[in-house]
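Hi,

Here is the structure I promised to pass on. Have a look at it first, and then read my notes underneath.

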Amino acid sequence: MIRYCKRCKAPTEHKESLVRKPSSYDRDKSIAGRCMLLIHEFINGGHYYNMNRYVTCTICGKKVLENMGNEFE
Ligand SMILES: [Zn+2]
């Protein structure tokens with residue numbers, strides 16, 4: 001997709017990628033903690049709620065966060 005790149009100072013082709021947001025439960029390696037993480041995600045409407053959307057410039061490789069909606073929770 002075409003997005004304006006601040007580093008290239010021009011509209012360039014970008015790749016989209018989704019990166020999971022770190023959660024407080026991620027630090028808990030216990031089985032109970034893993035279960036809480038799943039429950040937490042379920043309550044919040046599934047995985048996509050916890051994803052950050054990035055676009056990466058295919059020319060210079062600059063990665064920009066491009067969330068829509070719940071950006072600041
Ligand atoms: Zn660029």
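Below is what I found, going from the overall fold to the hairpins and the helix.

First, a word on trust: this is a predicted model. The protein chain has a mean pLDDT of 80, and 74% of its residues reach 70 or more. Confidence is highest in β1, at a mean of 94, and lowest in α1, at 78, so keep that in mind when you get to the helix.

**Overall fold**

The protein chain has one helix and four strands, and along the sequence they come in the pattern β-β-α-β-β. The four strands make an open sheet in the order β1-β2-β3-β4, with antiparallel pairing. At the edges stand β1 (2-5) and β4 (63-65); each has a single partner strand, so one side of each has no neighbour in the sheet. From one strand to the next, the twist averages 50 degrees.

How much of the chain is buried? Of its 73 residues, 4% count as buried. As for contacts, take those between residues at least 6 apart in sequence: 54% of them join residues at least 24 apart.

**The β1-β2 hairpin**

β1 and β2 are paired in the antiparallel sense, over four bridges. Among the pairs, C5 has A10 of β2 as its bridge partner, and Y4 has P11 of β2. Four residues lie between the two strands in this hairpin, and K9 takes a positive phi there, near 55 degrees.

K9 deserves a second look. Most residues other than glycine have a negative phi. K9 is not a glycine, yet its phi is positive, at about 55 degrees. You'll find K9 in the loop between β1 and β2. Is K9 buried or exposed? The cut-off for exposed is 12 or fewer C-beta neighbours within 10 Å, and K9 has 8, so K9 counts as exposed.

C8 also sits in the loop between β1 and β2. With 12 C-beta neighbours inside 10 Å, C8 counts as exposed too. Which residues does C8 touch, leaving out those up to four places away in sequence? They are C57, I59 and C60. C8 and C60 are 52 residues apart along the chain, and their C-alpha atoms are separated by 7.1 Å.

**The middle of the sheet**

Strand β2 covers residues 10-20 and pairs with β3 in the antiparallel sense, over seven bridges. One of these links H14 to its bridge partner in β3, C57, which is also one of the residues that C8 touches. Of the eleven residues of β2, the number buried is one, so β2 lies largely in the open.

**The β3-β4 hairpin**

On the other side, β3 (residues 51-57) pairs with β4 in the antiparallel sense, over three bridges. T56 stands opposite K63 in β4, and V55 is opposite V64 in β4. This hairpin has five residues between its strands, and G61 takes a positive phi near 85 degrees.

**The helix**

Helix α1 runs over residues 31-43, which makes 13 residues. From its first C-alpha to its last, α1 reaches 18 Å, close to the 18 Å expected at 1.5 Å a residue. How many residues of α1 are buried? The number is zero, so the helix lies largely in the open. If you look at which way its side chains face, remember that an α-helix has 3.6 residues a turn, so residues three or four places apart point the same way.

**To sum up**

If you only have a few minutes, I'd start with the loop between β1 and β2, where C8 and K9 are both found. From C8, go across to C57, I59 and C60, which C8 touches. Then follow the sheet in its order, β1-β2-β3-β4, and finish with α1, where confidence is lowest.

Cheers

Definitions and conventions:
Residues are numbered from 1 along each chain as its sequence is written. Two strands pair if DSSP finds at least two bridges between them. Axes are lines fitted to C-alpha atoms, for helices over the stretch in contact, and angles run from 0 to 180 degrees between N-to-C directions. A residue is buried if 20 or more other C-beta atoms lie within 10 Å of its own, exposed if 12 or fewer, and partly exposed in between; C-beta atoms are placed from the backbone. Two residues are in contact if their C-beta atoms, placed from the backbone, lie within 7 Å. The expected span of a helix is 1.5 Å times one less than its number of residues. pLDDT is the predictor's confidence in each residue, from 0 to 100.
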